[in-house]
Amino acid sequence: MAGLGRQVGRVERHVGALEQLQDWLRNEMTPEAAAELEAHLALCAPCRTQAGFEERFRALLERCTGEDGCPPEIRARLIEALRRERQG
């Protein structure tokens, strides 16, 4: 059973890292949180690969939209969809 606990801990670290990627890419993290994520990425090839993909994808979106972020109308639609999903 101890092996399962270690596996769960590893999965939780990966999930936590992946959940923080967008904040990290937008520089919206505290320096401490960014350093912790960067330390994880330095040691974890799968998360580092995902971070690279998301960074390239984000850059492509910015080039295509000519903006530094999500267009306001799409952002509003996404926020509304997330609200509806949370409400069930």
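This note sets out points on the fold, the core, helix 3 and selected surface features of a predicted model.

1. Overall architecture. The protein contains four helices and zero strands. Read from the N terminus, the order of its elements is α-α-α-α. Of its 88 residues, 18% count as buried.

2. Nonpolar core. The largest nonpolar core has nine residues in all: Ala-17, Leu-21, Met-29, Ala-34, Leu-37, Leu-41, Cys-44, Cys-47 and Ala-51. At least two residues of this core come from each of helix 1, helix 2 and helix 3. The most is given by helix 2, which supplies three residues.

3. Length of helix 3. Helix 3 covers residues 45-65. Its 21 residues, at 1.5 Å a residue, should span 30 Å, and its end C-alpha atoms are indeed 30 Å apart, so the expected span and the model agree.

4. Buried side of helix 3. Which residues of helix 3 are buried? They are Cys-47, Ala-51, Gly-52, Glu-54 and Arg-58. Viewed down the axis of helix 3, these buried residues fall within an arc of 165°, and they therefore line one face of the helix. Two residues of the helix, Cys-47 and Ala-51, are also listed in the largest nonpolar core. The reader may note that Glu-54 and Arg-58 are included among the buried residues of this helix.

5. Opposite side of helix 3. The face turned away from the buried side carries exposed residues, namely Pro-46, Thr-49, Arg-56, Arg-63 and Cys-64. After helix 3 comes Gly-66, which has a positive phi, near 70°.

6. Nonpolar surface patch. Phe-53, Phe-57, Leu-60 and Leu-61 together form a nonpolar patch on the surface, with about 370 Å² of accessible area between them. Leu-61, one of these residues, lies in helix 3. Is Leu-61 exposed or partly exposed? With a relative accessible area of 43%, Leu-61 is partly exposed, because it falls between the 20% limit for buried and the 50% limit for exposed residues.

7. Backbone at Asn-27. Asn-27 is not a glycine, yet its phi is positive, at about 60°. Asn-27 is placed in the loop that lies between helix 1 (2-25) and helix 2 (31-43). Its relative accessibility is 71%, and Asn-27 therefore counts as exposed, the cut-off being over 50%.

Conventions
Residues numbered from 1 in each chain as written. Predicted model: local features only at pLDDT ≥ 70, side-chain atom pairs only at ≥ 80, totals over all residues. Heavy atoms only, no water. Patch = residues over 30% accessible without salt bridge, like charges linked within 9 Å, V, L, I, M, F, W, Y side chains within 5 Å. Areas by Shrake-Rupley, 256 points an atom, 1.4 Å probe, with all protein chains shown as cover. Salt bridge = Lys/Arg side-chain N within 4 Å of Asp/Glu carboxyl O. Buried < 20%, exposed > 50% of the residue type's maximum accessible area, 1.4 Å probe, protein only. Expected span 1.5 Å × (residues − 1). Arc of directions from axis to C-beta. Core = buried A, V, L, I, M, F, W, Y, C linked by side-chain atoms within 4.5 Å.
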